[in-house]
Number of protein chains: 4
Amino acid sequence: MKGAPSAEHLARLVELFESSRMSKTFGMALRYDDAARAVFDWRYDPAFDHFLDDVHGGVLATMLDNAGWFTAAAGYPGWVVTVEFHVRLLVPAKREDLQAVGSVLRRGQRLCTTTMELRSASGRLVATGSGTFLATGRGHPE
Amino acid sequence: MKGAPSAEHLARLVELFESSRMSKTFGMALRYDDAARAVFDWRYDPAFDHFLDDVHGGVLATMLDNAGWFTAAAGYPGWVVTVEFHVRLLVPAKREDLQAVGSVLRRGQRLCTTTMELRSASGRLVATGSGTFLATGRGHPE
Amino acid sequence: MKGAPSAEHLARLVELFESSRMSKTFGMALRYDDAARAVFDWRYDPAFDHFLDDVHGGVLATMLDNAGWFTAAAGYPGWVVTVEFHVRLLVPAKREDLQAVGSVLRRGQRLCTTTMELRSASGRLVATGSGTFLATGRGHPE
Amino acid sequence: MKGAPSAEHLARLVELFESSRMSKTFGMALRYDDAARAVFDWRYDPAFDHFLDDVHGGVLATMLDNAGWFTAAAGYPGWVVTVEFHVRLLVPAKREDLQAVGSVLRRGQRLCTTTMELRSASGRLVATGSGTFLATGRGHPE
């Protein structure tokens, strides 16, 4: 896909996310900002606390993975898959709403590299990530 | 901690995990094998599918993080924190029970490096990970 | 490429490595073992010490990158490129010969994931790595 | 160390780097910018080309490692060690001077997380990295 993703393409990706079961289980919401970056909001839910009452790192990893994946997917007509991603946990997240945002570092013909940032509602940088996503050339599910 | 972790220490870690809310939300079970490696079992639950009906990568990352963290924690009397971890997704996990196991690569005075493997019930290698964990010197919660 | 790499293919890769300037600058030697894994030997050279007289981490990273790259390249007829790699430094390498070995974790149609280990002459595990390599479909240089 | 690093501390680190053998072997120069970020300049040297006449990824990794290490070391009175680092190669570097810069993402009591960027002389982003560095509490070598 040359140029900026179309509004239809982004709306389709949001719809796909919202149709997934995990979006409801985790309680995450997706939107795209003006730069076609995926923004995930998560409202604090104690069901995802680990035993020190911080949000479990797996939730942070899930948000970062999502932010990278949907930012990458915005740039390709078909399906992408996560190849690998890296997570750095900087400070604990404690009873806070969280927001993760992805950014494209490099978009190639088939491979997309993204960085991701996760902040608490107060704006504190909680975790960062980066990842590689492969455009498969296969279409999205109907 | 010199030498192998005591059975009491490992039992305490399992108890802590089982007391966490996220263990129930995800439906994960922890045990330690004879080499004091943390083994996490997850019974397939469609609530964690993404929209192609594969298990969401966030669940895989959560299992790998857990496997590394609890394997690292077995080697220190107090609390550890995840500094960073890396995840490689090799094949999709589709409607399958999963198992993640951690292994110590290096245990230093304060830093522990682990590797993690995640397999499907059929034994297929689904994902791998590695991570760094910091022993804080603080005790576990009572 | 289906099946095991041919001896000709591996010999060609060794020849390409030996024709590179960096192989002479670093003083590294490549061979393939029976499992078509790339094995790099480096004879200790104080020119690569950092200021504490340990071997610089950049040499270790170079060996790990090479071991992954050439192990990946063994499985594709054409050229591969390094997408990303991760390095864990476990213990310092001090005035020692070093050996790095790559292993294929997953070989896909276009993407290859490898792990790498670097040991000192005495067999001590000094560093580990993992990486992603993309088969470009372009031929090797003549 | 509270507050900004002293000019003396940074000058001492530059001096240590310049005293290392690897700095001469690679031909890299270190300075600190106004934000106490380590800036490494490397003048293109064909001795580090791989066999396609691009600069070898090991040189890029060495520059990124250095940029992270010296940026981290600026914040602690004593010695730091590289725990792990991750490298993403975005575009090839071909017969170009290169510059790597480190930035602190999080500076804790003992652990420092940095990000690193490597650009060609023309300003193109060639590679990125991130890493963890441990402050050992040991003094620098005399």
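What follows is a short chat about how the chains of this predicted model meet and how some of their strands pair.

Me: Let's start with chains A and B. How do I judge how big their interface is?

Reply: The size of an interface is often given as the accessible area lost when the parts come together. Here, chain B and chain A bury about 2,900 Å² between them, and 69% of that is on carbon and sulfur atoms. You can also count residues: 35 from chain B and 35 from chain A take part in the contact.

Me: Which three residues of chain B supply more of the buried area against chain A than any other three?

Reply: Look for B:Phe51, B:His56 and B:Phe85, which supply 22% of the area that chain B buries against chain A.

Me: And which elements give two or more residues to that side of chain B?

Reply: Find α1 (7–19), α2 (21–26), α3 (57–73) and β3 (80–89) of chain B. Among these, α3(B) gives the most, with 9 residues. If you sort the residues on the side of chain B that touches chain A by class, you get 19 nonpolar, 11 polar and 5 charged.

Me: What about specific links between B and A, such as salt bridges and polar contacts?

Reply: Treat the two counts separately. Across the interface of chain B and chain A there are 0 salt bridges. The polar contacts come to 14 residue pairs, with both partners at pLDDT 80 or more.

Me: How do strands fit into this meeting of A and B?

Reply: Check which strands pair, and in which sense. Strand β3 (residues 80–89) of chain A pairs with β3(B) in the antiparallel sense, over 5 bridges. For a place to look, A:Arg88 stands opposite B:Glu84 in β3(B).

Me: How do I read the symmetry between the two chains?

Reply: Ask what movement lays one copy on the other. Chain B can be laid on chain A by a turn of 180 degrees and a shift of 0.0 Å along the axis, with an RMSD of 0.0 Å. That is the relation of a two-fold axis. The same surface serves both copies, as 100% of the contact residues of chain B recur in chain A.

Me: Which residue of chain B comes closest to the rotation axis?

Reply: That's B:His86, with its C-alpha at 2.2 Å from the axis.

Me: Now chain C. How much area do chain C and chain A bury between them?

Reply: Use the same yardstick as before. Chain C and chain A bury about 590 Å² between them, 72% of it on carbon and sulfur atoms. In residues, 7 of chain C are in contact with 7 of chain A.

Me: Which parts of chain C should I look at there?

Reply: The elements giving two or more residues to the side of chain C that touches chain A are β3 (80–89) and β6 (125–135) of chain C. The largest share, 3 residues, comes from β3(C). By class, that side of chain C has 3 nonpolar, 2 polar and 2 charged residues.

Me: How many salt bridges and polar contacts are there between C and A?

Reply: The salt bridge count between chain C and chain A is 0. The count of residue pairs in polar contact across this interface, with both at pLDDT 80 or more, is also 0.

Me: What turn lays chain C on chain A?

Reply: A turn of 180 degrees does it, with a shift of 0.0 Å along the axis and an RMSD of 0.0 Å. The copies meet through the same surface, because 100% of the interface residues of chain C are also interface residues in chain A.

Me: So where can I see a salt bridge?

Reply: Over all chains, the structure holds 25 salt bridges. One of them joins A:Asp54 to A:Lys94, with the closest N and O atoms 2.6 Å apart. A:Asp54 lies in the loop between β2 (38–42) and α3 (57–73) of chain A, and A:Lys94 in the loop between β3 and β4 (98–107), so the pair ties together parts that are 40 residues apart in sequence.

Me: Last one: how do I follow strand pairing inside a chain?

Reply: Go from strand to strand; chain D is our example. Strand β2 (residues 38–42) of chain D runs antiparallel to β4 (residues 98–107), joined by 4 bridges. There, D:Val39 stands opposite D:Val101 in β4(D). Next, 9 bridges join β4(D) to β5 (residues 111–120) of chain D, again antiparallel. In this pair, D:Gly102 stands opposite D:Met116 in β5(D). A hairpin through 3 residues joins β4(D) to β5(D).

Notes: Residues numbered from 1 in each chain as written. Chains lettered and ligands numbered in written order. Predicted model: local features only at pLDDT ≥ 70, side-chain atom pairs only at ≥ 80, totals over all residues. Heavy atoms only, no water. Contact = heavy atoms within 4.5 Å. Buried area = accessible area lost by both parts, 1.4 Å probe. Salt bridge = Lys/Arg side-chain N within 4 Å of Asp/Glu carboxyl O. Polar contact = N/O pair within 3.5 Å; in protein donor to acceptor, adjacent residues only side chain to side chain. Nonpolar A, V, L, I, M, F, W, Y, C, P; charged D, E, K, R; others polar. Pairing = 2+ DSSP bridges. Least-squares fit on C-alpha atoms with pLDDT ≥ 70 in both.
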